[in-house]
Every structure is written in C-alpha cells, then in structure tokens.
There are 2 protein chains.
Amino acid sequence: MAPSGKLYRRLADSIAAEIEAGRYKVGERLPTERELAELHGVSRPTLREALIALEMLGMIEARHGLGIYVTRAQLPVTAATYDFEIGAFELIEARRLFEGEAAALAAATIDDDQLAELEGLLGLMADEDELKGEEADKGFHMVVARATGNGAIIATVENLWELRNRSPLARNILTRARGSGLTPRIIEHTKILDALKAHDPAAARQAMRDHLERVIEHLLHATETEALERAQAESKARRKQIARRVAI
Amino acid sequence: MAPSGKLYRRLADSIAAEIEAGRYKVGERLPTERELAELHGVSRPTLREALIALEMLGMIEARHGLGIYVTRAQLPVTAATYDFEIGAFELIEARRLFEGEAAALAAATIDDDQLAELEGLLGLMADEDELKGEEADKGFHMVVARATGNGAIIATVENLWELRNRSPLARNILTRARGSGLTPRIIEHTKILDALKAHDPAAARQAMRDHLERVIEHLLHATETEALERAQAESKARRKQIARRVAI
DNA sequence: CTGCTTTTATTGGTCAGACCACTGGATTGA
DNA sequence: TCAATCCAGTGGTCTGACCAATAAAAGCAG
C-alpha cells in the first residue's frame with residue numbers, strides 16, 4: 001500500500017513498525033511525547049495525532065502524568081487495521097461457516113419478537129432501491145446474530161460485514177453481483193426464517209450455508225469485470241484444493 | 001462506562017453520537033474543522049484529535065482540501081471500538097463454534113510445514129513461564145486459522161482473541177483459570193493436531209469443540225472470585241435456555 | 001525515627017494563532 | 001471555445017505556551 005500522504009499517518013506506521021520490531025516492548029514506557037517528536041523530527045501535535053491513531057488501534061495507551069505504554073506488540077488483523085485485500089470468496093466462505101453456526105445457535109435462542117423482525121425485513125428485501133435492499137439483507141443477518149444473545153458472535157458477524165466494506169475488491173464484486181438475478185435470495189432467506197421458527201438448529205445451519213453457497217455459485221457463473229475473473233480463478237483453484245481431501 | 005476524562009475522547013463520542021443519530025448522514029460532508037471546533041467549544045487541535053480517532057474507527061474520512069466525509073453511520077462492534085463487557089463464556093462459546101469450523105477447514109488445507117509448526121508449539125505449551133505458555137496457546141490456534149488460507153477467517157480468530165484482551169472481566173477470569181489444573185489442554189491440543197495430520201475435517205472440528213468445551217467446564221467448576229461466580233450463574237442460565245430447545 | 005502532608009519535577013492534555021499544501025471552481029487570456 | 005492561471009476554502013503542520021494529573025521527593029508534626 002502506498003504510504004499515505006499524511007504525516008501523522010506515516011508517523012504512526014513508523015512507530016508501529018518500531019514496536020513490532022521490538023524496539024519498545026510490551027509494558028514498557030515509550031519516550032515522552034516531546035522526545036518522540038524530536039526523535040522523528042516532527043511537531044508535538046503531529047506526534048500526538050500519530051499516538052492517538054495507535055491508541056485507537058489498541059497498540060499503546062497514554063496515561064496522564066505517567067507516560068505512554070505499549071499494550072500490544074502486534075496489531076491484530078481487524079477491520080480497523082485492515083489494509084490489504086481479502087477476496088470476495090474468502091469472505092463468503094468465512095461467512096458460510098461462521099454464520100451457519102450462528103444460525104444454528106440462534107435457532108435455540110431466538111424469541112418471537114426477533115422472528116417478527118426477520119419477517120419484516122424479508123418484505124423490504126425486494127425493495128426497488130438497491131441500498132434499501134442491501135440494508136435489509138445486512139439487517140437480516142445481524143438480527144440472526146443478535147438472536148444468539150452472544151456479544152462475541154454479534155461482534156464477529158458485524159466484523160465480517162465490515163471487512164467487506166473495507167476491501168474495495170470484495171465490495172466491487174459483491175455489489176456488482178447484486179441485482180443481476182440474485183433476487184432468489186429472498187427464497188433462501190425465507191428458508192432460514194422457517195428453520196428458526198421451528199427452532200431447528202440443524203435446519204437453520206443448513207439453510208444459512210445453502211444461502212451463502214448460492215451466493216458463491218452465483219459469483220462463479222457471473223462474467224463481468226477482469227477482477228472478478230481473477231477472483232473466480234483463484235476461488236476455483238482453492239475449492240479444488242479443498243475438494244482434493246474431503247467434503248467439509 | 002465512565003466517560004473518559006480526556007476531552008478529545010469525549011468529543012469523539014459526542015460527534016459519533018451525532019452521526020449515529022442522523023445529524024450528519026453517510027456520504028455527507030460535515031462542517032469544517034474550524035466550525036466544528038467552535039460548535040463544540042474546543043480548540044482545533046483537540047477537535048482534530050477527536051476526528052482522527054473517529055477516522056481510525058472507520059466512521060469518517062478526511063480528505064485534504066475537500067473536507068471531512070461520513071463513511072459509516074454506525075460503529076461496528078469490533079475489538080477497536082469495544083467498550084462494554086463481553087462475558088468469558090460468551091467468548092469461548094463463540095470460539096467453540098467458529099474455531100471448530102476453522103479447524104475443519106484447516107484439516108483440508110493444512111500443509112506439512114504448518115503441521116510441524118503446531119508440533120513445535122505443543123512443546124512450548126507446558127513452559128513454566130505463564131506468559132510463554134499462553135503465547136504458545138494463542139500461537140497454536142492462530143496457526144490453525146492461518147492454515148485455512150482464508151484471510152477473513154484469520155482476521156476473525158484474531159479478533160476473538162483480541163476481544164478477550166479488551167474485556168477486563170473476561171481476561172481476569174480466563175488468566176486466573178489458567179494454571180489451576182488447565183494443563184490437560186496439552187492432551188486436547190494433541191488430539192486436534194492428530195486430526196489435522198489425518199486431514200479429517202470432522203475429527204478436527206470435534207477435537208477443537210471438545211477442547212473449548214473443556215475450558216468452559218473447567219470455568220464452571222472453578223470457584224474463586226465473585227465476578228467469576230456471577231459469570232457462572234449467567235452461563236448456567238444461558239446454557240439451560242439453549243438446552244430447553246435442542247442440542248446444537 | 002515514623003508517618004503524614006506538602007511541594008515539585010515530569011508528563012500528558014489543551015489551547016491559541018499562524019502558515020503550508022492540496023483541491024476545485026472561477027477567472028482570464030489566447 | 002478551451003486551456004492555463006488564479007484564488008478561496010479546507011485539511012495538514014508548526015510553534016510555543018499553559019493546564020492538569022501523577023509520583024516521588026521534601027518537609028514537618030508526632
């Protein structure tokens with residue numbers, strides 16, 4: 001990735017690199033802001049902006065009157081720190097596995113209010129407005145996640161959706177694929193809802209997996225941009241590799 | 001959570017709240033830094049610090065010479081934005097489901113180098129040094145995630161580990177539980193490794209689930225702090241609710 | 001000497017005002 | 001008409017100062 005033109009951004013990268021390299025270790029105190037600023041040849045406000053960025057990423061922690069402490073040596077690969085390409089297929093593959101489990105759990109924990117909410121979202125999903133339809137789609141999956149009552153699961157599902165928005169490649173492919181005959185997804189969502197209504201975990205898991213499998217299939221057969229074709233080739237090779245062993 | 005004493009932090013919360021409330025919509029440009037500073041009665045440097053925090057969280061985007069644009073109306077619940085308590089049991093429940101699937105997939109994609117790496121980590125896991133042992137533990141799970149070759153899965157597993165570190169409650173409970181007879185985890189990890197060696201997805205899934213199930217069981221029977229007892233009660237009620245329906 | 005209170009040096013937090021650098025549209029001139 | 005130029009607006013950076021929290025040193029009462 002090309003270095004951002006903004007100084008505080010490059011500074012943050014630079015300091016992060018130093019920490020990752022072990023120049024400053026976890027638990028240790030960094031030099032004072034004034035010293036760091038001079039070390040890097042920048043003003044203190046700019047240095048502070050870089051530190052705040054690193055603090056948001058959870059790498060350091062500034063304590064008033066005490067100093068700046070390293071809390072993590074390596075940045076976790078989260079949506080916030082996301083900086084490289086994750087393919088569209090990778091994302092959906094992950095969602096297929098994880099959201100399948102989330103649906104299974106939700107089948108056991110969902111209540112009537114949430115079922116009604118899902119029913120309402122199904123109606124909006126066919127909205128002529130592209131954005132409304134997409135929001136309804138995300139809403140459906142988030143309600144399922146929320147129905148598990150497990151904050152970690154909610155955070156994970158949301159994070160996966162977030163990764164999609166962060167990755168230009170994945171976003172382009174996925175939003176382009178929308179519209180072009182992806183509308184049968186309403187039927188698939190209905191199947192998921194039915195399984196949840198029946199409180200049948202296995203059926204819910206299968207319905208969710210089927211749904212996302214269809215999305216993958218759809219992407220495999222659509223032919224549009226060059227980027228998509230590359231992604232398709234990559235995905236086919238990958239699926240072949242997996243199939244070489246045994247079905248998951 | 002008590003509002004952070006730092007002004008730029010409160011400012012960021014305040015602006016984030018305005019955006020979430022729809023005061024500024026996605027795609028729109030918000031007022032200039034100078035205007036925002038005056039609006040909130042703070043100096044421009046402080047205002048900028050708040051904006052940089054929001055930018056790191058992916059809510060806004062500042063473009064030189066143009067202005068500041070809203071990119072997301074709602075902050076995703078990720079490790080970086082994490083600000084409330086997620087119980088230790090929630091975390092492990094999520095890991096049990098997700099990492100189980102990751103292990104299943106990894107069984108089909110893992111290569112010999114990664115298998116050797118896992119073997120090496122097993123040796124370190126019994127290290128007398130608590131921290132070393134914990135690092136080996138995390139390392140093991142991360143190698144399994146990495147073996148899937150799926151960036152989204154890697155990011156997810158890492159994010160779950162991150163959530164644990166962010167949640168004081170979960171961290172306290174989990175690190176306290178370590179040591180006190182949790183060492184049989186080496187046997188459990190060996191089982192996971194065996195299933196991966198055999199490239200047997202079902203066995204890998206089961207071994208990973210068993211492992212994390214044991215961790216849950218261990219926490220349920222340990223009796224120590226008050227926080228842990230509350231968490232236990234919460235978890236028992238939750239598991240009863242789930243069992244009321246059917247096994248997942 | 002002990003133990004509490006006060007002072008002080010250090011460090012992050014905030015402020016003020018200025019100037020630089022980038023952007024897009026308005027202005028100008030061929 | 002259209003391309004080059006200019007210019008107003010906006011984020012980016014700098015300087016230097018003062019405020020506020022912290023811990024350790026200094027002072028003091030017992």
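These are my notebook entries on a predicted model of two protein chains with DNA strands C and D.

**Ground rules**

I number residues from 1 along each chain as its sequence is written, and I letter chains from A and number ligands from 1 in the order in which they are written. Since the model is predicted, I take local features only at pLDDT of at least 70 and side-chain atom pairs only at pLDDT 80 or more, while totals for chains, interfaces and linings use all residues, and side-chain values use heavy atoms, with hydrogens and water left out.

**Entry 1: chain A overall**

I looked up the secondary structure of chain A and got 11 helices and two strands. Helices here are DSSP runs of H or I with at least four residues, strands are E runs of at least two, and both are numbered from the N terminus. Along the sequence I read α-α-α-β-β-α-α-α-α-α-α-α-α for chain A. Chain A has 248 residues, and 53% of them count as buried. Buried means under 20% relative accessible area, exposed over 50%, and partly exposed in between, with a 1.4 Å probe and protein chains only. I also checked contacts (heavy atoms within 4.5 Å). Among those in chain A between residues at least 6 apart in sequence, 66% join residues at least 24 apart.

**Entry 2: DNA strand D**

Which residues are closest to DNA strand D? I find A:Leu7, A:Ser43, A:Thr46, B:Arg44 and B:Arg48, out of 26 that surround the strand. For "near" I use a heavy atom within 4 Å of the strand. Sugar and phosphate make up 66% of the strand D atoms that come within 4 Å of the protein.

Next I went through polar contacts, meaning pairs of N or O atoms within 3.5 Å; within protein, one must be able to donate a hydrogen and the other to accept it, and residues adjacent in sequence count only if both atoms are side-chain atoms. The side chain of A:Thr46 has an N or O atom 2.7 Å from a phosphate oxygen of strand D. For the side chain of A:Ser43, the distance to a phosphate oxygen is 2.9 Å. A:His64 goes to a base instead: a side-chain N or O atom sits 3.1 Å from a base nitrogen of strand D.

Elements giving two or more residues to this surface include helix H1 (7–20) and helix H3 (44–56) of chain A. Chain B gives helix H2 (33–40), helix H3 (44–56), strand E2 (60–63) and strand E3 (67–70). H3(A) gives the most, with four residues.

By class I count eight nonpolar, eight polar and 10 charged residues near strand D. In this scheme Ala, Val, Leu, Ile, Met, Phe, Trp, Tyr, Cys and Pro are nonpolar, Asp, Glu, Lys and Arg are charged, and the others, Gly among them, are polar.

**Entry 3: DNA strand C**

Around DNA strand C I again get 26 residues, the closest being A:Glu33, A:Arg44, A:Arg48, B:Leu7 and B:Thr46. Sugar or phosphate holds 71% of the strand C atoms within 4 Å of the protein, and bases hold the rest. A polar side-chain atom of A:Arg48 is 2.6 Å from a phosphate oxygen of strand C. A:Glu33 uses a polar backbone atom, 3.0 Å from a phosphate oxygen. A:Arg34 reaches a base nitrogen at 3.1 Å with a polar side-chain atom. H3(B) gives the most to this surface, with four residues.

**Entry 4: the sheet in chain B**

How are the three strands of the chain B sheet ordered? The order is E1-E3-E2, in an open sheet with antiparallel pairing. Strand E1 (29–30) and E2 stand at the edges with a single partner strand each, so one side of each has no neighbour in the sheet. Strands pair if DSSP finds at least two bridges between them; E2(B) and E3(B) have four. B:Arg63 has B:Gly67 in E3(B) as its bridge partner. H3(B) lies across E2 and E3 of chain B, at about 120° to E2(B). That angle is between N-to-C directions on a 0 to 180 degrees scale, with axes fitted to C-alpha atoms, for helices over the stretch in contact.

**Entry 5: buried spots between the chains**

A:Leu160 is in helix H7 (residues 151–166) of chain A and is buried at 1% relative accessibility. Leaving aside neighbours within four places in sequence, A:Leu160 contacts A:Leu91, A:Ala94, A:Arg95, A:Phe98, B:Ala152 and B:Thr156. B:Thr156, in helix H7 of chain B, is buried at 3%. With the same exclusion, B:Thr156 contacts A:Phe98, A:Thr156 and A:Leu160.

Last, B:Glu90 in helix H4 (residues 88–109) of chain B is buried at 14% relative accessible area. A polar atom of the B:Glu90 side chain lies 2.4 Å from the backbone nitrogen of A:Gly151.
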